[in-house]
Each structure stands twice: as structure tokens, then as C-alpha cells.
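Biologist: I would like a close look at a single part of this model, and then at how that part sits in the rest of the chain. Please go residue by residue where you can.

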Amino acid sequence: MINRDFDTDDSNYARINLVTYMKPEDMNYHSVCLHVLADSIHSSGLILASWFLSLGVNNAEVLCLGLVSVAVFMLVMSLFKATGGILLQSAPPNISSSALHKCWRQIVSLEDATEVSQARFWELVHGHVVGSLSLLVKKEMDDRRTLGYVHGLYNDLGIHDLTVQTDYGKNLVL
């Protein structure tokens, strides 16, 4: 496995077990390398099974297939964890749910906003959290100020890529 140590100078990086990904593309390169390595292990397993069969070992194919399966599984486990967190859009571990809830309460307390819904936040790679939410604002209100405030709140938490969908509701009197 690859283990690279880098200075944390505002660049995005991810440390997943022993593997370090500086960019999301590094995950792709790592998966290609693992694929080639898995093919090599498979070929070695076939050669080993042929040799065992020539020695008269019964079920050599099954034995070697088991060894190859375990070896490949151990190799790709770190990649499975990294990509699984991304595909499942796991919650960011470095941002507490109470901090997210506090932002939600601050938004709802605004004069222009009436409701926040469908808030989703996940870590794309370590240190790069993205999110989306739906915001119901009062009709006939200029939502630019509210959107700036919302982006500022979440930016302070470390969420730099935020998509906010605004919907306009009734002009409610609170």
C-alpha cells in the first residue's frame, strides 16, 4: 500500500487507513493499481494451483482460489472504506451534529426564512465537506442577503461547497 506524508497546506487530502489521497483522482489511480495487482495475484494463484495439481494435491484449485480471494480482499479493503464513505454520503466526522443543528436554528430565526429542510452534508474527501439544503423564504423577500448569511454560517463550519435551493412561501406574519 502507498503511504505518503504531506504537509497540510490548505490542499485537500484524505488519509484512509494507510492510504493518502491528495485529490479525488488519486483514488482512481490507486484503484487501477489495485486492479493490476489483483490480476497478478490471480495469475500467480493459477500457476500455484497448476503446480499443486502436478504434485497430486486434491482440490488445489479451491485452495488457491481461497488464498487469492483473501489476498485481494485485504488489498482493496482501504479503497472500499474510502469509496464507501463517499458513495453512501456519510456524515462528516469533523463537524458535530449539534453545530449543524445550531446553524439550522439560526437560519430559521431569520426574518426572511421560515423553514429549512432536506439538509444533507457529507465528506467528499477528508477536509472537503459538501452539502445541500432547501430553504423556504417569505414571498416578495430578496433572498440574496439570506443566502449570503446561510453560506457564511456553513462556511465557518468548514462547508465550502453548499447548494441552497430556495422556495417561496406565503408572506407569513410572525
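Modeller: Take Ser134, whose bridge partner in β5 is Gln165. The chain gets from β4 to β5 by way of helix α4, residues 143-157, and this β-α-β crossover is right-handed. This is a predicted model, and what follows should be read with that in mind. Ser134 and Gln165 belong to a parallel pairing: β4 covers residues 128-138, β5 covers residues 159-169, and 10 bridges join them. Another position in this pairing is Val130, which stands opposite Asp161 in β5.

β4 also pairs with β3, and here the direction is antiparallel, with nine bridges between the two strands. Within this pairing, Glu115 stands opposite Leu136 of β4. How enclosed is β4 by the rest of the structure? Nine of its 11 residues are buried, so β4 is largely enclosed. For the protein as a whole, buried residues make up 30% of the 174 residues.

The partner strand β3 runs over residues 113-125, and Gln118 lies in it. The phi of Gln118 is near 50°, which is positive although the residue is not glycine. Is Gln118 buried or exposed? Its relative accessibility is 54%, and exposed means over 50%, so Gln118 counts as exposed.

Now the setting of these strands. The protein has four helices and five strands, and from the N terminus their order is β-β-α-α-α-β-β-α-β. Of the contacts with a separation of 6 or more, 61% are between residues 24 or more positions apart. The exposed surface comes to about 11300 Å², with carbon and sulfur atoms supplying 58% of it.

Earlier in the chain, Asn59 is found in the loop between α1, residues 24-54, and α2. Asn59 is a further residue other than glycine with a positive phi, near 60°. It counts as exposed because its relative accessibility is 56%, against a cut-off of over 50%.

Helix α2 itself spans residues 60-87, a total of 28 residues. From first C-alpha to last it reaches 38 Å, close to the 40 Å expected at 1.5 Å a residue. The helix bends by about 45° at Val76. Val76 is also one of the buried residues of α2, together with Ala60, Cys64, Val68, Leu75, Ser78, Leu79, Ala82 and Gly85. When reading such a list, recall that an α-helix has 3.6 residues a turn, so residues three or four places apart point the same way. After α2 comes Gln89, whose phi is positive, near 50°.

To return to the part in question: β4 pairs antiparallel with β3 through nine bridges and parallel with β5 through 10.

Notes:
Residues are numbered from 1 along each chain as its sequence is written. This is a predicted model: local features need pLDDT of at least 70, side-chain atom pairs count only at pLDDT 80 or more; totals for chains, interfaces and linings use all residues. Side-chain values use heavy atoms; hydrogens and water are left out. The expected span of a helix is 1.5 Å times one less than its number of residues. The bend at a residue is the angle between axes fitted to the seven residues ending there and the seven starting there. Buried means under 20% relative accessible area, exposed over 50%, partly exposed in between (1.4 Å probe, protein chains only). Contact means heavy atoms within 4.5 Å. Accessible areas come from the Shrake-Rupley method with a 1.4 Å probe; for residues, only the protein chains shown count as cover. Two strands pair if DSSP finds at least two bridges between them. A crossover is right-handed if, with the strands pointing away from the viewer, the path from the first strand over the helix to the second runs clockwise.
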